[in-house]
Amino acid sequence: MHSRVDCLSVDSNGSLPKKVDVTVVGAGIIGVATAYELVRKGLSVLLVEKGYVAGEQSSRNWGWCRKQNRDEREIPLIKFSMERWAALTDELGEDSSFRPTGITYLSDKPSDITVWSDWVSRARSFGVDSRMLSAQEARAASCGAAGIWLGGVISPTDGRAEPSIAVPLLAKAACKLGVELVQGCAVRGFELAAGRVHAVVTERGVVKTQTVVCAAGAWSSMFCRRHHIALPQAVVYGTALCTGPAPEIVNGALSLPGVAIRRRLDGGYTLGLGGRGTVRISPQGLRYGFNFLPTLRERRAGLKFRIDRSFLKGPEAFRRWNFDERSPFEEIRTLHPDPDPRLVSEAMAAFVRAFPALKGIGVARSWGGCIDSTPDTVPVISYVEEVPGLFISTGYSGHGFGIGLGAGRLAADLINNDHPVVDPSPFRYGRLVDGTKPAPSKLF
C-alpha cells in the first residue's frame, strides 16, 4: 500500500512578516485560492501551512470539477468556479491541467435515474447544462463499458484537473503576485485585542493581522476549539488509486456503479468509490454525533467504523496547548492515512468488469485521504460574528476541489467588503450552531 501522493513542489518565498492584512491558515485548494484572490484585490496576505502546499486532501481527491449532482445551495458558486477553471490556464500563463472533457453518470438502478432526473429538473432554473440520457444514449455514452444501462446524466462542460499540479501552480502564481508563503510552519492560534483578532501565533513567532482565515480542512474544528469556538465537523477517511498508462477508453470522467473513473494526463486513470469510507470514532465525533445523525442515516451503508490511536492523536482528538508549547499541528505535519485495501480491490474489480480489455493493468499507487464534512454537507464560507476578524472556509464534504476557485473568490469578496460573487447566506457559519436543523444532501 502507498499513502503518499507526489505533488508539484512549491518553494516558500519568504520568512514571517511582522504584519499583514490577512493570514490564511492552510495551503490546500481553499486556502491557496483565497490567498490568490485576496492579493489580487490589493491586500497583503500571509499563507501559512504546517506541512506543504496541497499535502493533504487537496492532492488526494478524484480531480473532478463538476456542477451536476451537487446540492442546490452550491450551484451558483460552482457555476462561477467552473468559469474560473476555464480561464485559469490563460490567467496563469501555464497549463493548469484543467480539461473541459465532460462528466457522465450511468446506472442500472431505477432509483438513481429518478434522483438524477429530479436534480436535472431543479437545476434547470440555474441554467445548468446537464441533461438526462435515455437507455440508448447511455449505451452510446458508456465508452463501451459492459452493463445494461437504464439511463444516465451528462454535463458536457464539466471537467477534470490534476490536483497535485493545479493547486501548486495556483500557489506559485499567488506568490508571484505578492502572497508570502511559509510552509513547515504551524499556526498555534490567534490573539485578540479589544475583542477582535489582533495577531496569529505560529511556531516561529507572532504576526500582527486583522483577519485570520481558517482553511485548515480536517484540522479546522480543532483549531477553532482551541479558542472555544464550536465547529461541528466530521472526518471521513476515503481511498483512491491510480493505474499506470493504459489505452484511452474514457477521455473525461465517468461514474459507474461501484467505481468512478477519471482520465489522467499521465495516461492512466484515477479510480474512486463514491460514498465509501471509514469513520474513526473520536472525541470530536462523539461531541458532534447528534448533529450528523440525519447524514449518517442517509450514508450508513457505505461507511465503516473503527477506533484506533487517532482517538488520542489526530485532527479529531481533544487536545489542549499553550502558545509557547508544541501544538498538535506540529506533531502531524501532513496526514498520510493508509488506503483501505478492500476498497482498492473493489474499485479495480469494478473497473475491469466494465472494461475487460484492461484486465491486468494493475494498481500503480493507492492512497488515503481525509474528507472534512459539515452536518448538511455544505461548506462554511463565513465570518464568525462572535469573534470579529475570524473567517472560516472549511467543511467542503468531498466537493472542495471543483468549487475551490469560486470559494476563494467568495471568501475574498466578503473579507474585502466587496459585493459577493454569489449569495453567501447558504454558507454562513451560524447555521451550524444556532439550532438550525441540518438539511443533508442526498447527492455527493
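These legends describe an overall view and several close-ups of a predicted model.

**Figure 1. Overall fold of the protein, with 11 helices and 20 strands.** The C-alpha trace spans about 65 × 45 × 40 Å along its principal axes. The radius of gyration is 21 Å; a compact globule of 444 residues would have one near 22 Å, so the two agree. Buried residues account for 58% of the 444 residues. Of the contacts between residues at least 6 apart in sequence, 76% join residues at least 24 apart.

**Figure 2. Surface and charge of the protein.** The accessible surface is about 17800 Å². Carbon and sulfur atoms contribute 52% of that surface. The protein carries 54 positive and 44 negative charges. The mean positions of these two sets lie 4 Å apart.

**Figure 3. The span annotated in UniProt, residues 21–414.** An unreviewed UniProt entry records the feature "domain: FAD dependent oxidoreductase" over this span. The end C-alpha atoms of residues 21–414 are 14 Å apart. Helix makes up 30% of the span and strand 27%.

**Figure 4. Close-up of N69, a residue with positive phi.** N69 is not a glycine, yet its phi is near 60 degrees. The residue sits in the loop that runs from strand 3 (64–65) to helix 2 (75–92). N69 has a relative accessible area of 2%, under the 20% cut-off, and therefore counts as buried.

**Figure 5. Close-up of H228, another non-glycine residue with positive phi.** Phi of H228 is about 60 degrees. Its loop links helix 6 (220–225) to strand 12 (234–243). The relative accessible area of H228 is 76%, over the 50% cut-off, so H228 is classed as exposed.

**Figure 6. Close-up of P379 and its contacts.** P379 belongs to the loop between strand 18 (363–373) and strand 19 (380–383). With a relative accessible area of 1%, P379 falls under the 20% cut-off and is therefore buried. Leaving aside residues up to four places away in sequence, P379 touches E74, T394, G395, Y396, F427 and R431. One of these, E74, is shown with P379 in this view.

**Figure 7. P379 and D112, a pair 267 residues apart in sequence.** The C-alpha atoms of P379 and D112 are separated by 25 Å in space. P379, the buried member of the loop before strand 19 (380–383) described above, marks one end of this distance.

Note on methods: Residues are numbered from 1 along each chain as its sequence is written. This is a predicted model: local features need pLDDT of at least 70, side-chain atom pairs count only at pLDDT 80 or more; totals for chains, interfaces and linings use all residues. Side-chain values use heavy atoms; hydrogens and water are left out. Helices (H or I, at least four residues) and strands (E, at least two) are DSSP runs, numbered from the N terminus. Buried means under 20% relative accessible area, exposed over 50%, partly exposed in between (1.4 Å probe, protein chains only). The radius of gyration is taken over C-alpha atoms; the globule rule is 2.2 Å times the number of residues to the power 0.38. Contact means heavy atoms within 4.5 Å. Accessible areas come from the Shrake-Rupley method with a 1.4 Å probe; for residues, only the protein chains shown count as cover. Lys and Arg count as positive and Asp and Glu as negative; His and the chain ends are not counted. The place of a charge is taken as NZ of Lys, CZ of Arg, CG of Asp or CD of Glu. UniProt positions are given in the numbering used here, feature names are shortened, and annotations may be inferred rather than shown by experiment.
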